[in-house]
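Dear colleague,

I am handing over the structure we spoke about, and I would be grateful if you could look through it alongside the notes below.

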Amino acid sequence: MLGKTYLTKQASLLMKFARTTSDSDLSAKLISKAADLKSQADPMPDRDQGAAAPDVSPVKQPGT
């Protein structure tokens, strides 16, 4: 499953390409696809809420 960060980045890149093209049909299709990706990303949590892999040690924060 693709994550929110990935989908948001892809949508942003599509919008960038849409702004740079002079082809209005292509621009409209890119904007439409960016909107689709954004609507997929919006309901996702901001970051992975799952458990860490068993071989991953927790990161210790300074001062804790």
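The axes of helix α1, residues 4–20, and helix α2, residues 24–41, come within 8 Å and cross at roughly 165°; please keep in mind throughout that this is a predicted model. Since angles over 145 degrees count as roughly antiparallel, α1 and α2 are therefore roughly antiparallel to each other, and the crossing of the two is left-handed.

On the side of α1, the contact is made by Lys-4, Leu-7, Thr-8, Gln-10, Ala-11, Leu-14, Met-15, Phe-17 and Ala-18, while α2 contributes Ser-27, Leu-30, Ile-31, Lys-33, Ala-34, Leu-37, Lys-38, Gln-40 and Ala-41. By residue class, the contact of α1 with α2 divides into 11 nonpolar, four polar and three charged residues.

Some individual positions follow, beginning with two that take part in this contact.

Ala-11, which lies in helix α1, has a relative accessibility of 7% and therefore counts as buried, the cut-off for that class being under 20%. Leaving aside neighbours within four places in sequence, Ala-11 is in contact with Ala-34, Leu-37 and Lys-38, each of which is also listed among the α2 residues of the helix contact. Ala-11 can also be placed relative to Asp-36, from which it is 25 residues apart in sequence and 8.3 Å apart in space, taken from C-alpha to C-alpha.

Ser-27 lies in helix α2 and, at 13% relative accessibility, counts as buried. A polar atom of the side chain of Ser-27 lies 3.1 Å from the backbone oxygen of Ala-18, and, when residues up to four places away in sequence are not counted, Ser-27 touches Ala-18 and Thr-21. Ala-18 is itself one of the α1 residues that make the helix contact.

Arg-19, found in helix α1, has a relative accessibility of 63% and so counts as exposed, since that class begins over 50%. Between Arg-19 and Leu-30, which are 11 residues apart in sequence, the C-alpha to C-alpha distance is 9.4 Å; Leu-30 is among the α2 residues in the helix contact.

The last position is Leu-2, which is found in the segment before α1 and is partly exposed, with a relative accessible area of 47%. Not counting residues up to four places away in sequence, Leu-2 touches Leu-7 and Met-44, and Leu-7 also appears among the α1 residues in the contact with α2. The C-alpha atoms of Leu-2 and Ala-41 are separated by 8.9 Å, although the two residues are 39 residues apart along the chain.

With best regards

Terms used
Residues numbered from 1 in each chain as written. Predicted model: local features only at pLDDT ≥ 70, side-chain atom pairs only at ≥ 80, totals over all residues. Heavy atoms only, no water. Axes fitted to C-alpha atoms, helices over the stretch in contact; angles between N-to-C directions. Helix = DSSP H or I, 4+ residues; strand = E, 2+ residues; numbered from the N terminus. Parallel < 35°, antiparallel > 145°, perpendicular 65-115°, else oblique. Left-handed = near helix turned anticlockwise from the far one by under 90°. Contact = heavy atoms within 4.5 Å. Nonpolar A, V, L, I, M, F, W, Y, C, P; charged D, E, K, R; others polar. Buried < 20%, exposed > 50% of the residue type's maximum accessible area, 1.4 Å probe, protein only. Polar contact = N/O pair within 3.5 Å; in protein donor to acceptor, adjacent residues only side chain to side chain.
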